[in-house]
Amino acid sequence: MSKYLLKVGQQAAKRLDVMNQAFGAHSQHFLLNLGLSRGMSVIEVGCGTGNMTTWIAQQVGRKGKVVAIDASAEQIAVAEEKLAQAKIKNVEFICSPIEELVFPKHQFDIAHCRFLLMHLPHPEYALFTLERLVKIGGIISCDETTSDVPYSYPHNPIFDEINELHLQFGKRRALDFQVGYRLLSIMQTLNVDILNPRFVQPIVDLALAKQYYYLGINESKDTLVEEGIFSAAELDDMLARIQAIPESAGGYFAFPRQAQIACVTRKRETQ
Ligand SMILES: C[S@@+](CC[C@H](N)C(=O)[O-])C[C@H]1O[C@@H](n2cnc3c(N)ncnc32)[C@H](O)[C@@H]1O
């Protein structure tokens, strides 16, 4: 497992909440269209601070169950707190990188991940693991970024600059921040039938976009400086420019295009 780029636990919680404000409704629509419903068993990998976990657990209800996996104990601690506050009891957390996960085969109706594969050096291997975890005829659903075509209206070059920085950072770590584009072809290597693949691109107001990027740059500041990618002064300047983005009436931001690709697993001759 490679070193995770962002902060975890309480230091990441606000950014992930803001991200969920932008993507949550689209992610929920994706899973409901795939048939997520009461009584199902779902495994969510890279659950983070539990925003989707909470919602999935509510959808499957008391007769259903959710297993939520994350490599970070700090993320899981925040997620557990969120679930306790919502009095949700049908979730089991496992702290493990997906690469080291030991779990019996074919247990789940749905195996899901969102914004996980971009952080993995071998996303293909994770997909292979998800295939093993779901029942025959179960669903694998991935909601993953392409880090492409962010758009601001009126156009503001700072968003393009930040996106370019983000892509460069991924390349330095040999991570594919555009994994959303490869997702369909990776899934096609599994023994599955693909279900209604699509891209979505949430539109939010400029205030939410500013908040998201401010939190993200601030969180990655130490790593960016440590790795000599930017000086602290350059990053402070970037943060000041984010804060200065005018929030004109009618202005909006479209987050990078997100791939929502799912498939249903087929029976293997040898199973
Ligand atoms: C960008 S966050 C997304 C969190 C959540 N899926 C969401 O959409 O709010 C990525 C999460 O993946 C977790 N992660 C990174 N590498 C992982 C790995 N190898 N195995 C499991 N989880 C991992 C991180 O700890 C982090 O919580």
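These legends walk through several close-up views of a predicted model.

**View 1. The seven-stranded open sheet and its order.** Welcome to the sheet whose seven strands follow the order β3-β2-β1-β4-β5-β10-β7, with mixed pairing. At its edges stand β3 (91-95) and β7; each has a single partner strand, so one side of each is left without a neighbour in the sheet. On average, and with direction ignored, neighbouring strands here are turned by 15 degrees against each other. To follow one pair in detail, look at β2 (residues 65-70) beside β3: the two pair in the parallel sense over five bridges. Within this pairing, V66 has V91 of β3 as its bridge partner.

**View 2. Two helices that pack on the seven-stranded sheet.** Helix α3 (residues 73-85) packs on the sheet by touching β2 and β3, and its direction makes about 170 degrees with that of β3. Helix α1 also packs on the sheet, where it touches β4 (108-114), β5, β7 and β10. The direction of α1 makes about 155 degrees with that of β5.

**View 3. Helix α1 meeting helix α2.** Here α1 (residues 10-33) and α2 (residues 51-60) pack at an angle of about 40 degrees, and their axes are 10 Å apart. The crossing of α1 past α2 is right-handed. Which residues meet at this contact? From α1 come L16, D17, N20, G24, S27 and Q28, while α2 brings N51, M52 and W55. Sorted by class, the contact has three nonpolar, five polar and one charged residues.

**View 4. The buried side of helix α6.** In α6 (residues 179-187), the residues V179, G180, L183 and M187 are buried. They lie on the same side of α6 because they cover an arc of only 85 degrees around the axis. What do the buried residues of α6 pack against? Their partners are α4 (123-133), β5 (134-145), β7 (192-200) and β10 (258-265).

**View 5. The three-stranded open sheet.** Three strands in the order β6-β9-β8 form an open sheet with antiparallel pairing. The edge strands, each pairing on one side only, are β6 (151-153) and β8 (203-204). Between β6 and β9 (residues 252-254), three bridges join the antiparallel strands. One residue to find here is Y151, whose bridge partner in β9 is A254.

**View 6. S147 and V149 in the loop between β5 and β6.** Both S147 and V149 sit in this loop. As a reminder, most residues other than glycine have a negative phi. S147, although not a glycine, has a positive phi of about 50 degrees, and V149, also not a glycine, has a positive phi of about 50 degrees. Is each of them buried or exposed? S147 counts as buried because it has 22 C-beta neighbours inside 10 Å, and the cut-off is 20 or more. V149 is exposed, because 12 other C-beta atoms lie within 10 Å and the cut-off is 12 or fewer. Leaving aside neighbours within four places in sequence, S147 is in contact with N163, H166, L167, F177, Q178 and P256. The C-alpha atoms of S147 and E164 are separated by 9.2 Å, with the two residues 17 apart along the chain.

**View 7. The cis peptide bond at P154.** Most peptide bonds are trans. The bond that joins Y153 and P154 is cis, with omega about -5 degrees. To place P154, look in the loop between β6 and α5 (157-172).

Technical notes
Residues are numbered from 1 along each chain as its sequence is written. This is a predicted model: local features need pLDDT of at least 70, side-chain atom pairs count only at pLDDT 80 or more; totals for chains, interfaces and linings use all residues. Axes are lines fitted to C-alpha atoms, for helices over the stretch in contact, and angles run from 0 to 180 degrees between N-to-C directions. Helices (H or I, at least four residues) and strands (E, at least two) are DSSP runs, numbered from the N terminus. A crossing is left-handed if the near helix is turned anticlockwise from the far one by less than a right angle, and right-handed if clockwise. Ala, Val, Leu, Ile, Met, Phe, Trp, Tyr, Cys and Pro count as nonpolar, Asp, Glu, Lys and Arg as charged, and the others, Gly among them, as polar. Two strands pair if DSSP finds at least two bridges between them. The arc is that of the directions from the helix axis to the C-beta atoms.
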